[in-house]
Protein chains: 2
Amino acid sequence: MTPGTPPQSLVGIGEAARRVGVRVSAVRFYEAQGLVLPVERRGGRRLYDQEAVERLAIVALLKNAGFSLAQIADLFTRGGTGDESWQALARERAAELGSRIVELQRMRDYLELAQSCPSPCLLACTHLRAAIRDKPVTAP
Amino acid sequence: MTPGTPPQSLVGIGEAARRVGVRVSAVRFYEAQGLVLPVERRGGRRLYDQEAVERLAIVALLKNAGFSLAQIADLFTRGGTGDESWQALARERAAELGSRIVELQRMRDYLELAQSCPSPCLLACTHLRAAIRDKPVTAP
DNA sequence: CTGTGACCTCAACCCGGGTCGAGGTCAAGG
DNA sequence: CCTTGACCTCGACCCGGGTTGAGGTCACAG
């Protein structure tokens, strides 16, 4: 073996899934969707190196952040330059996340206000009523 | 007609849905799930008053904030006092929302960093790699 | 009287994102 | 030798959250 190449520590699908915190079935599913690949197969079995496990972890991370599998695939398959670069897409997504965050913050604020509301039912809570009156409930 | 009772302005399901920004089919679906009810039916047709439309709007709002229909139903059907009060549940949900917000903020920060990353592919982006190394990628 | 439009019910279907189970292969250990 | 455990494939199934379509009922306009 060429010197300087350590054992690489390949792991099976079970171990890979465990490390990333997803189920084995999900890993296979992601593979079927083209999101992740084992570095190699030995006797039919998938083997993952550090790189591949990290890729899986990135999928899990993005998914957890609310991206759909299709969006993740899109991020992965784009090139690094131009208008259609992955950076451009990342910018878009970051902006979307930004507005999502603002929405959630408003919601959290309402819920916190609501905690000190004496109404016997959430539906009677004036804070929540206020929340919906802020929005285009009664639209154009 | 008793004096002092204005026409109440009842609207049909189409108008109610339009005001809240959801589809008619979704309104019926929510009704089937017990989340919302028309104030009355005339000749089989659902009629909604301001109150009912607001309730629908609250459903839409909560859903948009990431609550499942079951969670929303739970919020609605709880009483106003004690350990199982809707306020208590609102507190829990607010806390969950809080951690969700933090996660999303981290993700947004990573994506923003990533925009200035020269890698030809997102998978090579060191910022994102950093993101996953912060987490329990390689677990216990 | 006949459209047209808004509404009704009910069952079937769709999509995303997986999960499950049957039936089979392999390697290592007792 | 035989079991055990981890893995394989493939097709069926599940759940949430709706959407669609067929077939029918109204009310009002022309």
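Which residues are the closest to DNA strand C? Hold that for a second while I cover the ground rules. This is a predicted model, where local features need pLDDT of at least 70, side-chain atom pairs count only at pLDDT 80 or more, and totals for chains, interfaces and linings use all residues. Residues are numbered from 1 along each chain as its sequence is written, while chains are lettered from A and ligands numbered from 1 in the order in which they are written.

Okay, back to strand C. It has 16 residues around it, and the closest are S68(A), L69(A), G12(B), G14(B) and R46(B). "Near" here means that the C-beta atom, placed from the backbone, lies within 6 Å of the strand. Both chains chip in: helix 2 (24–32) and helix 4 (69–77) come from chain A, helix 1 (13–20) and strand 2 (45–47) from chain B, and each of them gives at least two residues to that surface. Helices are DSSP runs of H or I with at least four residues, strands are E runs of at least two, and both are numbered from the N terminus. By class, that's five nonpolar, six polar and five charged residues. We count Ala, Val, Leu, Ile, Met, Phe, Trp, Tyr, Cys and Pro as nonpolar, Asp, Glu, Lys and Arg as charged, and the others, Gly among them, as polar.

Now DNA strand D. Of the 16 residues around it, G12(A), G14(A), R46(A), S25(B) and S68(B) come nearest. Here chain A brings helix 1 (13–20) and strand 2 (45–47), and chain B brings helix 2 (24–32) and helix 4 (69–77), again at least two residues from each. The split is five nonpolar, six polar and five charged.

So how do the two protein chains relate? Turn chain B by 180°, shift it 0.0 Å along the axis, and it lies on chain A with an RMSD of 0.0 Å, superposed by least squares on C-alpha atoms of residues with pLDDT of at least 70 in both. That's the relation of a two-fold axis. In chain B, I101(B) has the C-alpha nearest the axis, at 3.0 Å.

Last bit, chain A by itself. Six helices and two strands, running α-α-β-β-α-α-α-α from the N terminus. Its radius of gyration, taken over C-alpha atoms, is 23 Å, where a compact globule of 140 residues would be near 14 Å. The C-alpha atoms fill a box of roughly 75 × 40 × 30 Å along the principal axes.

Terms used: The radius of gyration is taken over C-alpha atoms; the globule rule is 2.2 Å times the number of residues to the power 0.38.
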